[in-house]
Amino acid sequence: MIIYAQEDGGKQLRNKRENPHVKTRISVSPVLGIYKTNTHHATAAKPKMAFNISIKEEIRLDQHNKDFLMIGAEYMLHGVSFNSYYFYSDSLQIYTADRLKYNYNLTVHELDFPILVKHSFQKETNSIFSNYMFAGYCYRWIFEGNLSVSDSGNELINQYELYKFKSPAFNAVNSSFLTAGVGFQKNTPLRHNAVFAELQFRYGLSPFYFNESFAPSSMYTNSHFVLLTVGFKI
């Protein structure tokens, strides 16, 4: 009886060790920004090079290793350029087509806090390869930005800029994404580690904007993103 109890206890210990409740996911993503500016005041919007760095905790929700909760923090650098009007000090604000020529470059630094639900189509403890989908909410915080304006290559403005959201969450520099995506994962079942690749879409719920005397009013920019992610689960 003592031997059986010891064996049963050892089995339970192995199962507990082999089926952890929490794993850490670390990833990096090139990012494609999809921007829509105020068409009355801006034109020719083009995304700048962008990337995302992410760390998330993956919390197992069931005994079948198919459903998980993922929470974490991410840093994203992105930006957009477009043509708009520029008004010199004490000049009249005249909106004519020939003045829609000044090049604006916006750089945005933000922290994002995703809360996602993941469902795997295969049991990750028994499958070398597994596919999954995920969706959820992501809280945004723009903590720093830069704005530059040039005319035919001649720089007119280059300054720190704090962007704000038209419909903020809690305060002016916070808003949200709705997020959905799919992924492919190669598992190491004995260690419960994995390498993965994901395709993700983020829909911004509010445009961001800036107010400056030299710029037109209502400089709203909608921002949505496509992320191609590679990473490790450790």
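**View 1. Tyrosine 85 and its two aromatic partners.** Tyrosine 85 is buried in this predicted model, with a relative accessible area of 6%. Phenylalanine 87 is buried as well, and the rings of tyrosine 85 and phenylalanine 87 form a stacked aromatic pair, with 6.3 Å from centre to centre and 10° between the planes. Tyrosine 85 also pairs with tyrosine 95, in an edge-to-face arrangement whose ring centres lie 4.9 Å apart and whose planes meet at 80°.

**View 2. The pair of tyrosine 85 and tyrosine 95 along the chain.** Both tyrosine 85 and tyrosine 95 belong to the loop between strand E4 (67–84) and strand E5 (102–120), where they stand 10 residues apart. Tyrosine 95 is partly exposed, because its relative accessible area of 36% falls between the limits of 20% for buried and 50% for exposed.

**View 3. An aromatic cluster of five named residues.** Phe82, Tyr104, Tyr163, Phe208 and Phe210 come together as one aromatic cluster. For the model as a whole, the count of aromatic pairs comes to 19.

**View 4. Charged side chains over phenylalanine rings.** Arginine 25 lies over the face of phenylalanine 196, at 3.9 Å from the centre of that ring. At another site, the charged end of lysine 118 sits over the ring of phenylalanine 68, and the distance to the ring centre is 4.7 Å.

Notes: Residues are numbered from 1 along each chain as its sequence is written. This is a predicted model: local features need pLDDT of at least 70, side-chain atom pairs count only at pLDDT 80 or more; totals for chains, interfaces and linings use all residues. Side-chain values use heavy atoms; hydrogens and water are left out. Rings of Phe, Tyr and Trp (its six-membered ring) pair if their centres lie within 6.5 Å; planes under 30 degrees apart count as stacked, over 60 as edge-to-face and the rest as tilted. Buried means under 20% relative accessible area, exposed over 50%, partly exposed in between (1.4 Å probe, protein chains only). Helices (H or I, at least four residues) and strands (E, at least two) are DSSP runs, numbered from the N terminus. A charge sits over a ring if NZ of Lys or CZ of Arg is within 6 Å of the ring centre and within 35 degrees of the ring normal.
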